[in-house]
Every structure is written in C-alpha cells, then in structure tokens.
Amino acid sequence: MFILPELKNPYSAYAPYIDAQTMEIHHQKHHAGYVKKLNHAIIENDLQTERIEDLFEKISELPTIIRNNAGGHYNHTVFWSLLNNTMSTPSSELLAEINKTFGSLEDFKNVFTEKALSVFGSGWVWLVINNENTLEMVTTHNQDNPLMADLNLGYPIIGMDVWEHAYYLKYQNKRDEYITAVWSLLDWDQVSFRYGQKPEMNDLN
Ligand code: MN3
C-alpha cells in the first residue's frame, strides 16, 4: 500500500509564493486522491508491488487508472520534496553540469520557464538525466512520468507541476507568475541530492 507523504513544512510556510489553501487542497485532496485510487486499483487488479518504480517498468501492460494514479503519486511526492522555504543553491557538480548543458543557471531557468509555459493543458516539466547521461528538459502530459518504460525519458531531477490546480486559486491564468514562485521555493539541496543519489521513493519526504 502506498502512503500520502507529509510535507516538510506547514501549508502556510510556502506563502507568499504558494498560498496555504492551494497547498492544502493540492496535498489533501489531489495527491491523497491519487494515493487512494492507486491503492484501490492495485487491489482490484490483484497486483503485488512494493515499489512504484516496478509499476513504471511494466506500465504499458497496466490499466490507465494505474498509470494516472501511480504517476500522480510519484510526481507529487517528488514535487513536495523539492519545495522548501530555505534559500539554497545547486551543488558545484550540478551547477557545472547545468552550465555545460544550458550556458548558465539563469539561461537554464529561462528555458525551463518557456517549456513550462508551452505545456498545453495539464502536465509536468522535468529536468532529467537522460539515457546518454546528460541533463535534458522534457515535458509529460497528465500524470505521466519520465521513468515510465514506454516513455523512457530518463531519471527526474526536477519536476514542476503545471496543472491549473497547482496555481489557479492565487494566480488564475497567470502561469508565468506561478513558475516564478516555484523558482523561489525550489530546494536546490534536494535537487542536488537527486542528481547525486537517484533516491527511490522511500528516500523522499
Ligand atoms: Mn498536482
């Protein structure tokens, strides 16, 4: 059974960038819903699994309800782990790789922001370590995850939720202002950890 992870901070700790009500609804309603539906679908389909990564490996053989809710659970667990109210900077190893791939941290953020603005409808923007072992920005639709075997886009280092439910209460249609807010909350220590360690879901929270 999968469990809804706690956030690092109280819902109010992400303001003014993301308001407490958005955080609470996003966590307690949206993410909790993915976990509940995932656990239910696992029982319904008589699946034995302890690792969500195992579901991703055979995702094309599984019902869409598992794809959507396993993705929803993984994606949000990563997203929460990347949000914090502490100022931080990328590790020297990660920064060197960002500079090599994108020119500078500022260039990286600008291109990532453009990509996040370009997602049509609901989806995610990711920084991944791709299969050539280099950094790459990719987008996925709905709750798809780069690790899903039929996408096989690489290992996610940063994931940004650009579904309207992530920002609509405070920002309405101004997705660009929400993206700027996420940059202010992004926990580069955790991003650097993901870059260096490739943690499994159990290592997050
Ligand atoms: Mn969401």
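Helices and strands here are DSSP runs, a helix having at least four residues and a strand at least two, and they are numbered from the N terminus. With that in hand, we can place a residue such as Asn 142, which lies in the loop between S2 and strand S3 (155–161). Please keep in mind as you read that this is a predicted model.

Let us start at the metal. Four residues coordinate the manganese ion: His 26 through NE2, His 76 through NE2, Asp 161 through OD and His 165 through NE2, at 1.9 to 2.1 Å. Read along the sequence, these donors follow the spacing H-x49-H-x84-D-x3-H. Two of them bring distant parts of the chain together, since His 26 sits in helix H1 (residues 20–44) and His 76 in helix H3, 50 residues apart. Both His 26 and His 76 are buried.

Helix H3 deserves a closer look. H3 is made of 19 residues and spans 27 Å from its first C-alpha to its last, close to the 27 Å expected at 1.5 Å a residue. Of those 19 residues, 16 are buried, so H3 is largely enclosed by the rest of the structure. Asn 75 is another residue to find in helix H3. Its relative accessible area is 0%, and because buried means under 20%, Asn 75 counts as buried. The side chain of Asn 75 reaches the backbone oxygen of Asp 144 at 3.4 Å.

From there, move to Asn 145, whose place is in the loop between S2 and S3. At 0% relative accessibility, Asn 145 is buried. Its C-alpha atom is separated by 9.1 Å from that of Ala 70, although the two residues are 75 apart along the chain. Asn 142 belongs to the loop between S2 and S3 as well, but at 41% relative accessibility it counts as partly exposed. Asn 142 also has a positive phi of about 50 degrees although it is not a glycine.

A little earlier in the chain, Asn 130 is found in the loop between strand S1 (123–129) and strand S2 (135–141). With 10% relative accessibility, Asn 130 counts as buried. Its side chain reaches the backbone nitrogen of Glu 132 at 2.9 Å.

Now for the open space in the model. The largest pocket holds about 250 Å³ of space. It is lined by 14 residues, and the closest to its centre are Phe 2, Ile 3, His 73, Met 201 and Asn 202. The elements that give two or more residues to this lining are helix H2 (52–57) and helix H3 (64–82). Sorted by class, the lining has six nonpolar, five polar and three charged residues.

Two backbone details are worth finding on either side of helix H1. In the segment before H1 you will find Pro 16. The peptide bond that leads from Ala 15 to Pro 16 is cis, with omega near 5 degrees. In the loop between H1 and H2 comes Asp 46, which is not a glycine and yet has a positive phi of about 55 degrees. The relative accessible area of Asp 46 is 63%, and because exposed means over 50%, Asp 46 counts as exposed.

Finally, visit helix H7 (residues 175–185), where Trp 183 has its place. Trp 183 is buried, with a relative accessible area of 12%. Trp 183 and Leu 83 are 100 residues apart in sequence, while their C-alpha atoms are 9.1 Å apart in space. For another pair, take Asp 46 and Leu 185: they are 139 residues apart in sequence and 39 Å apart in space, C-alpha to C-alpha.

To retrace the route, go back to the manganese ion with its donors His 26, His 76, Asp 161 and His 165, and then follow helix H3, where 16 of the 19 residues are buried. Helix H3 also gives two or more residues to the lining of the largest pocket.

How values were computed: Residues numbered from 1 in each chain as written. Predicted model: local features only at pLDDT ≥ 70, side-chain atom pairs only at ≥ 80, totals over all residues. Heavy atoms only, no water. 1 Å grid on protein atoms, 1.4 Å probe; cavity = no way out; pocket = protein on both sides within 12 Å on 5 of 7 lines; lining within 4 Å. Points joined across faces, edges and corners; volume = space filled by probe spheres on them. Nonpolar A, V, L, I, M, F, W, Y, C, P; charged D, E, K, R; others polar. Expected span 1.5 Å × (residues − 1). Buried < 20%, exposed > 50% of the residue type's maximum accessible area, 1.4 Å probe, protein only. Donors = N, O, S within 2.8 Å, 3.2 Å for Na, K, Ca; no water. Polar contact = N/O pair within 3.5 Å; in protein donor to acceptor, adjacent residues only side chain to side chain.
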